[in-house]
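Visitor: Could you take me through one part of this model slowly? I would like to see how its helices pack, and which backbone details deserve a second look.

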Amino acid sequence: MYELLVLLILVAAIVLVTARWKVSPFLALIGAAILAAFAYQIPVAEVASTVTTAFGNTMGNIGLVILFGTMIGIILERSGAAISMADALIKVLGTRFPNLTLSIIGYIVSIPVFCDSGYVVLNSLRKAITLRTGVSGLATSIALMTGLYATHTLVPPTPGPLAAAESIGIADNLGLIIAVGLPVAAISALAGLFYASCFSKKDWTPLPAEDENDLTEQSYEELRASYGKLPAPLLAFMPIIVPLVLICGASVAKLPSHPFGEGAALETLSFLGTPVIALIFGLLAATLLLRGNKKLADFNEQMHESVRTAAPILLITGAGASLGAVLAASKLTTILSDSLSGLGIGLAVPFLIAAALKSAQGSPTVSMVTTSALVAPMLGSLGLTSDMGMVLTVLAIGAGAMVVSHANDSYFWVVSQLSRIPVITAYKTLSVATAIQGIAGFIAVWILGAILL
């Protein structure tokens, strides 16, 4: 009972200091790890090594993966590649089904690009499609928002799923996470799309234009013109396609049947499909998007920006791993195993913990990092120690990290303000949409668990 009480107090403290007092999640997680070590009576001589070893191992395993993934996302955003991808998809899908078009665009763009940035970049496109088709702007906002959110929390190489995979112990099989995560994310996005369609003909009153961010006054044509000549669609998609193909190809090559053969072929494909190597090739493909006489200067500037963007995520991820290591070294593992083993709720545990943390403190990434650290010691008692069990655990955490987006989530404000959605309306629609898509994602995970585990 004492150990569970300590855990509840620590989680509540993390939520309180990060959500209310705006303390850095990194400091909150590191502080919680140290306090937990003393509360669980871990020998004093082992406290520092437990915290620092877990932090260092995590940085060594996925630090470069997160950094390279962020670099690719920044280049896609700054080069106009995201707009180019959107244009290409519109040519294929047309504007007959605007909500579907925007949902698919968001689903693809958010694989490497943060959902917040993706919405900022694509909002002018959303406005143009809304005006061209006459559909409700509320519907297109929900469709784009949920499409972006689905892959942001469920498909690597975005930081949340990567960090969760590392904590759970399945980071060496990202190909399997991607292969399962893409259809689960598609189901989650479809749930958001169906909900968005309920508002296609709904009359609503947007905020006055003077209350809107200046960026949203820019027309789609002006936005396209600001990038100059857009990259060719094939070049725009390559930084996403190359690493995904390499990572998934390595996973297929490692199957027991060895479909591509053994020996040199297996070694080569395994090397190329290592996440760090695959993302380096993705980054090389992204450099082809740089244009003009300042290619080197632009590249250096964007790499500096990537480091600034990735640094807080890396620190939070490492701190979450430190907390997880302390919990794993305590008696809490045994207590939770005894408590949960007979309940038979399996994948619902990571989903519910992630949903509670997300709703309380706002950040999906912090929710995924913290939840994976808490859940990792429980995998045995939950019956989730197989590769597929760990993959589904990561996806259950990702689904929970969508439930729900509201006032403590920066994404909520990005969408509501850029789309000129009043706060009361945003609570009634955007928050509900993320709850629906998170629950839909978990239902898909639960069904897969019933079939595959």
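Guide: What follows is a walk through helix packing, then one long helix span, then a few backbone details. Please keep in mind that this is a predicted model.

Let's begin with helix H5 (residues 98-109) and helix H7 (residues 137-154), whose axes are 7 Å apart and meet at an angle of about 25°. Angles under 35 degrees count as roughly parallel, so H5 is roughly parallel to H7. The crossing of H5 past H7 is right-handed. On the H5 side, the contact uses Asn99, Leu102, Ser103, Gly106 and Tyr107. Their partners in H7 are Ala139, Thr140, Ala143, Leu144, Gly147, Leu148 and Thr151. Sorted by class, this contact of H5 with H7 holds 6 nonpolar and 6 polar residues, with no charged ones. The numbering in such lists has a simple background: an α-helix has 3.6 residues a turn, so residues three or four places apart point the same way.

If you follow the chain on from H7, you reach Pro157, in the loop between H7 and helix H8 (159-168). The peptide bond from Pro156 to Pro157 is cis, and its omega is near 15°.

Next comes the pair formed by helix H9 (residues 174-197) and helix H19 (residues 387-400), with axes 10 Å apart and an angle of about 45°. H9 and H19 are therefore oblique to each other. Their crossing is right-handed. H9 contributes Leu176, Ile177, Val180, Gly181 and Val184, while H19 contributes Asp387, Met388, Val391, Leu392 and Leu395. By class, the contact of H9 with H19 has 8 nonpolar residues, 1 polar and 1 charged.

Beyond H19, Val404 sits in the loop between H19 and helix H20 (410-418). Val403 and Val404 are joined by a cis peptide bond, with omega about -15°.

The third pair is helix H16 (residues 348-361) with helix H17 (residues 364-375): their axes come within 9 Å and cross at roughly 140°. This crossing of H16 and H17 is right-handed. From H16, the contact takes in Pro350, Ile353, Ala354, Leu357, Lys358 and Gln361. From H17 come Pro364, Val366, Ser367, Thr370, Thr371, Leu374 and Val375. By class, 8 nonpolar, 4 polar and 1 charged residues make up the contact of H16 with H17.

Now for the helix span. Helix H14 (residues 295-329) has 35 residues, so at 1.5 Å a residue it should span 51 Å; its end C-alpha atoms are 49 Å apart, which agrees. Within H14 there is a kink of about 30° at Ala310, shortly before the proline Pro312.

One backbone detail remains, and it concerns Gln41, in the loop between helix H2 (25-39) and helix H3 (44-79). Gln41 is not a glycine, yet it has a positive phi of about 60°. As background for this angle and for the cis bonds, most residues other than glycine have a negative phi, and most peptide bonds are trans. For your second look, then, the backbone places to visit include Gln41 with its positive phi, the cis bond from Pro156 to Pro157, and the cis bond between Val403 and Val404.

Definitions and conventions
Residues are numbered from 1 along each chain as its sequence is written. This is a predicted model: local features need pLDDT of at least 70, side-chain atom pairs count only at pLDDT 80 or more; totals for chains, interfaces and linings use all residues. Side-chain values use heavy atoms; hydrogens and water are left out. Helices (H or I, at least four residues) and strands (E, at least two) are DSSP runs, numbered from the N terminus. The expected span of a helix is 1.5 Å times one less than its number of residues. The bend at a residue is the angle between axes fitted to the seven residues ending there and the seven starting there. Axes are lines fitted to C-alpha atoms, for helices over the stretch in contact, and angles run from 0 to 180 degrees between N-to-C directions. Angles under 35 degrees count as roughly parallel, over 145 as roughly antiparallel, 65 to 115 as roughly perpendicular and the rest as oblique. A crossing is left-handed if the near helix is turned anticlockwise from the far one by less than a right angle, and right-handed if clockwise. Contact means heavy atoms within 4.5 Å. Ala, Val, Leu, Ile, Met, Phe, Trp, Tyr, Cys and Pro count as nonpolar, Asp, Glu, Lys and Arg as charged, and the others, Gly among them, as polar.
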